[in-house]
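I opened this structure to check strand pairing, one helix contact and one loop residue. My entries follow in the order I looked.

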Amino acid sequence: MEHTVPQSTAPDLAISVIERARRLGATAAEVIFRESIEFSASVRLGEIETVKEAGSRGLGLRVLLDGRQASVSTSDFSPAALDELVETALTLARATSVDETAGLPDPADLATEIPDLDLYDPAVLALSAEEKIRLALTAEQAAQAYDPRIVNFEGGGVDSSAGHTVLANSLGFVGEYRSTSLSLATVPVARDADGRLQRDYWYDARRRLASLEDPASVGRRAAERTIRKLGARRVPTQTCPVVFAPEVAASLIGHVFGAVSGDAIFRKASFLVGKLGEQVASALVTIIDDGRMPNGLGSRPFDGEGVPTRRTTVIREGRLESYLHNTYTARKLGERTTGNAARGLTGAPSVGVNNMYLVPGPHPPEAIIASVHHGFYVTELIGFGVNGVTGDYSRGAAGRWIENGELTFPVEEVTIAGNLLTMLKQIEMIGNDLDFRGRMAAPTLKIAEMTISGT
């Protein structure tokens with residue numbers, strides 16, 4: 001990866017911009033520098049549909065001026081452009097209203113060491129465009145060969161990125177790290193004897209090439225998931241146990257994150273407001289956000305404000321133990337940042353997720369399914385009918401029906417409904433099959449009772 005700003009000088013560039021801002025009157029200043037090379041290719045029926053490769057670099061400046069703040073960015077690093085950047089930021093800051101809570105982190109909260117979390121893999125960069133495309137074609141070919149009922153593909157492809165991040169502020173913090181990622185997906189379409197079509201998918205995403213699932217395995221799993229949907233039908237409206245497969249159970253973690261985000265808490269826009277220390281889930285439930293997980297897709301040595309990331313237990317054995325904060329939301333609520341600041345080149349830091357997951361339980365997924373007399377095994381969720389303020393939950397779903405502890409016919413065009421707080425409290429079995437394919441993950445889990453709306 002070639003850097004137009006050498007990595008050795010990027011921190012110096014950030015520091016020089018901060019010094020310019022302080023000389024011109026900024027009370028405090030923060031600079032983020034990002035450079036990346038991104039590649040993506042899509043394939044369909046053995047043909048390459050699109051190939052994109054792009055490099056980008058940018059520098060974002062946030063200035064604070066007696067309680068006022070503003071942010072600007074540039075991709076022009078010439079001295080004249082940087083002078084104009086600083087002047088523009090200060091002009092904008094003078095035009096904003098005062099917010100006494102805004103500011104840099106407390107100096108004691110800043111990272112003093114930058115651990116190597118194994119986020120960068122040279123092998124990802126060494127892959128040629130042809131080799132990356134071959135990964136996608138191999139996955140598609142394996143899916144097509146799995147069953148003659150696979151007749152088309154809705155998409156699929158490969159994506160990779162390699163980046164360099166530098167963050168510096170006027171408190172003396174300077175940190176940098178490099179990262180890579182590689183993902184692969186395929187989306188087969190199958191036709192049954194009556195001509196009805198079904199689609200499904202499988203994918204994998206990792207920091208390191210060696211950790212990526214074998215492309216042929218990705219294709220076969222995608223085809224298997226698609227074929228098992230053939231002949232799907234609706235079921236009568238009823239109340240019954242629901243088992244979430246890992247790929248959809250992860251979405252529940254996303255809803256929990258939204259509810260414990262400091263942004264939602266101080267705005268009182270969460271069903272978990274005021275519930276610290278209370279039992280909000282089954283005693284089986286422990287949810288952790290870990291920014292220090294080696295190779296994690298959400299791992300970083302420091303957050304978007306230079307605060308060390310950490311392992312935060314959000315829910316411990318059902319009890320809500322912590323919200324997730326950046327500096328701003330922590331100050332709003334009289335708490336301390338949890339190292340969850342996220343930011344782009346412009347804008348104030350938001351609260352972001354690191355690697356958030358439901359701690360696995362002891363049960364193989366087969367045992368969870370076997371425990372259900374009749375119920376619904378959910379493998380796909382559709383729509384976004386979730387109210388983060390009240391916790392009301394209603395989403396379209398597809399999957400397979402469970403009868404006498406066994407998976408039977410496929411199910412589609414139904415809606416599952418409940419309330420997130422009730423759902424969390426009714427989790428009664430957790431699987432041992434946790435696997436990260438993103439920033440949020442959960443194993444198979446069983447909820448004692450939900451309403452299914454069908455025929």
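**Entry 1: a strand pair.** I started at A417, which stands opposite T451 in β20. The model is predicted, so I read every entry as a description of a model. A417 belongs to β17, residues 406–419. I then looked up how β17 and β20 run. They pair in the antiparallel sense, over three bridges, and β20 spans residues 445–453.

**Entry 2: the other partner of β17.** I turned to β16, residues 392–403. β16 and β17 pair in the antiparallel sense over 10 bridges. I picked one position to follow across: G399 has V411 in β17 as its bridge partner. Next I asked how many residues lie between β16 and β17 in their hairpin. There are two. In that turn I checked N404, and its phi is positive, about 50 degrees.

**Entry 3: a five-strand sheet.** I traced an open sheet with the order β11-β10-β9-β14-β19. Its pairing is mixed. Which strands stand at the edges? I found β11 (319–320) and β19 (440–441) there. Each has a single partner strand, so one side of each is left without a neighbour in the sheet. Inside the order I looked at β9 and β14. They run antiparallel and are joined by three bridges, with β14 covering residues 356–358. I noted one pair here: I287 is bridged to L358 in β14.

**Entry 4: a loop residue.** I followed the chain on from β9 (287–290) and stopped at N295, in the loop before β10 (311–316). Is N295 buried, exposed or partly exposed? Its relative accessible area is 28%, which lies between the 20% and 50% cut-offs, so I logged N295 as partly exposed. I listed its contacts, leaving aside neighbours within four places in sequence: L117, D118, L119, R207 and R208. I also took a distance to V151. N295 and V151 are 144 residues apart in sequence, and their C-alpha atoms are 36 Å apart in space.

**Entry 5: two helices.** I finished with α1 (residues 10–23) and α2 (residues 79–94). Their axes come within 10 Å and cross at roughly 50 degrees. That angle makes α1 oblique to α2. The crossing is right-handed. Which residues meet? From α1 I listed L13, V17, R20 and A21. From α2 I listed P79, L82, D83, V86 and L90. I sorted the residues of this contact by type: seven are nonpolar, none polar and two charged.

Note on methods:
Residues numbered from 1 in each chain as written. Predicted model: local features only at pLDDT ≥ 70, side-chain atom pairs only at ≥ 80, totals over all residues. Heavy atoms only, no water. Axes fitted to C-alpha atoms, helices over the stretch in contact; angles between N-to-C directions. Helix = DSSP H or I, 4+ residues; strand = E, 2+ residues; numbered from the N terminus. Parallel < 35°, antiparallel > 145°, perpendicular 65-115°, else oblique. Left-handed = near helix turned anticlockwise from the far one by under 90°. Contact = heavy atoms within 4.5 Å. Nonpolar A, V, L, I, M, F, W, Y, C, P; charged D, E, K, R; others polar. Buried < 20%, exposed > 50% of the residue type's maximum accessible area, 1.4 Å probe, protein only. Pairing = 2+ DSSP bridges.
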